[in-house]
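Hi everyone, thanks for coming. Today I'd like to walk you through how some pieces of one protein fit together. Have a look at this.

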Amino acid sequence: MFALVFTSIWRMYSMSYEYCGCESFEEAKQPSFTHDKKGKRDMNIVKKAYCRTFQTVFKWAIPVLPYRSPKRLKKAEDIAPYLKKKNINNVLIVTDNFIHKSGMLKPLKEALEKYAIEYSVFDETVANPTVANVEKARSMYLGNSCKALIGFGGGSSIDCAKAVGARVVKPNQPIRKMKGILKIWKKLPLLIAVPTTAGTGSEVTLASVITDGETRHKFPINDFFLIPKVAVLDPELTRSLPKNLTATTGMDALTHAVEAYIGRSVTRDTHEDSIKAVNLIFANLEKAYEDGDDMKARANMLRAAFLAGRAFTKSYVGYCHAVAHSLGGKYNTPHGLANAVLLPYTLELYGESVYEKLGDLAKVTGVADKSLSDEEASKLFIHKIRTMNKNMGIPEKLSGIEEEDIVQLSTYAEKEANPLYPVPKLMTRKELEKLYYDVMEES
Ligand SMILES: [Zn+2]
């Protein structure tokens, strides 16, 4: 039924290109600016209707789609008896070199040895993991006859492990062909996520974000089968996270909660998860930044990241993430940093389309007094983000953005976001360009 409705919408859109003045459907599929005959920046009405219909179908389908929350374990050592119970005796741990060298894997390794479970470690995951990372880890998985995957680290390692799982079950489908939504649709090997940052929420999401090392295009793969089966939420693993990463990964979690909340696919559950996450972040992020040994703040931030991840996996993110991904792919800009800097500018660019929801969020989280107008309250919320960034040494601009890259980057961002992300206001590639100029550091 769902597939039928979806196919019908796609057909309707395919047949409707003539109404936007394009010569062909291929031309109509191009980013809006290329077929904007009058030089207008706004999205044409047919594309708008298509995007909104697409998003509405996915929103209606939320109750019947196979979302699930991972089983939670307290310590990495708990993985070993869990695997034993599942009769799994050989696993691949996907991590990065820093974590491997730091000794953080030691308790897990010892527990695996105690339960006679063989393991291999792939420790070459880079920030913004690449297709080459995934393929090399996959070779290790197959070569060592592994039967399960443990993503141990920040979002990059967990995303890499997810993509390895997808490639294991889809040997004939290259990673690039998994870009977008529902391109896997096949059960992965058992996947366990052990986050060592409190931000990406990758331990609970259906997304894996991979970068094509040749084109420097960073793209998300979204599929229910990418949601890990098990997540280990141990604040001790985030204790040694450096101050700047505590700050930027925490602001990434805030971006997830805010983008899910202001989007059009918010549900009762994701509404609640977002509010709880924002409250936890406002109350704990700066504490965890100031004192990395404040384990209560660290535990609350891990919980906030999980809730924000659960919110956006159903209600999606928005243009802030699409632009951040394009910058991560091209310049390796860390994901959390890009979102932290972009978020206030993105909310301003949405303008009055977010006043009501953002104002509401500002009021329920105590940022604004209930007597204020939505516009005033939403501006206070944006001010709050800027203040947090400033307090934690996050810059107002990003270095390294080249003006000649902006057309390409905004094209990537527009293609990622439309029609999938149920943003408060639909924007064209041309409109998104403003965000790059807003955050570009003047040389
Ligand atoms: Zn994110």
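So, how do H12 and H16 lie relative to each other? They pack at an angle of about 135°. Angles over 145 would count as roughly antiparallel and 65 to 115 as roughly perpendicular, so H12 and H16 come out as oblique to each other. Keep in mind that this is a predicted model.

To find them yourselves, look for residues 319-331 for H12 and 406-417 for H16. Their axes are 8 Å apart, and the crossing is right-handed.

Now, which residues meet there? On the H12 side we've got Tyr319, Ala322, Val323, His325, Ser326, Leu327 and Lys330. Facing them from H16 are Leu409, Tyr412, Ala413, Glu416 and Ala417. Sort the residues of that contact by type and you get eight nonpolar, two polar and two charged.

Okay, let's zoom out. The chain is split into domain 1 (2-64), domain 2 (71-237) and domain 3 (241-439). I'll stick with domain 2 and domain 3, whose C-alpha centres lie 25 Å apart. Where they touch, domain 2 puts in 23 residues and domain 3 puts in 32.

What does the domain 2 side of that contact look like? Two strands, E7 (207-212) and E8 (217-222), each give at least two residues to it. E8 has the largest share, with four residues. By type, this side of domain 2 breaks down into 10 nonpolar, 10 polar and three charged residues.

That's my bit, thanks for listening!

Conventions: Residues numbered from 1 in each chain as written. Predicted model: local features only at pLDDT ≥ 70, side-chain atom pairs only at ≥ 80, totals over all residues. Axes fitted to C-alpha atoms, helices over the stretch in contact; angles between N-to-C directions. Parallel < 35°, antiparallel > 145°, perpendicular 65-115°, else oblique. Left-handed = near helix turned anticlockwise from the far one by under 90°. Contact = placed C-beta atoms within 7 Å. Nonpolar A, V, L, I, M, F, W, Y, C, P; charged D, E, K, R; others polar. Domains from an automatic or database assignment.
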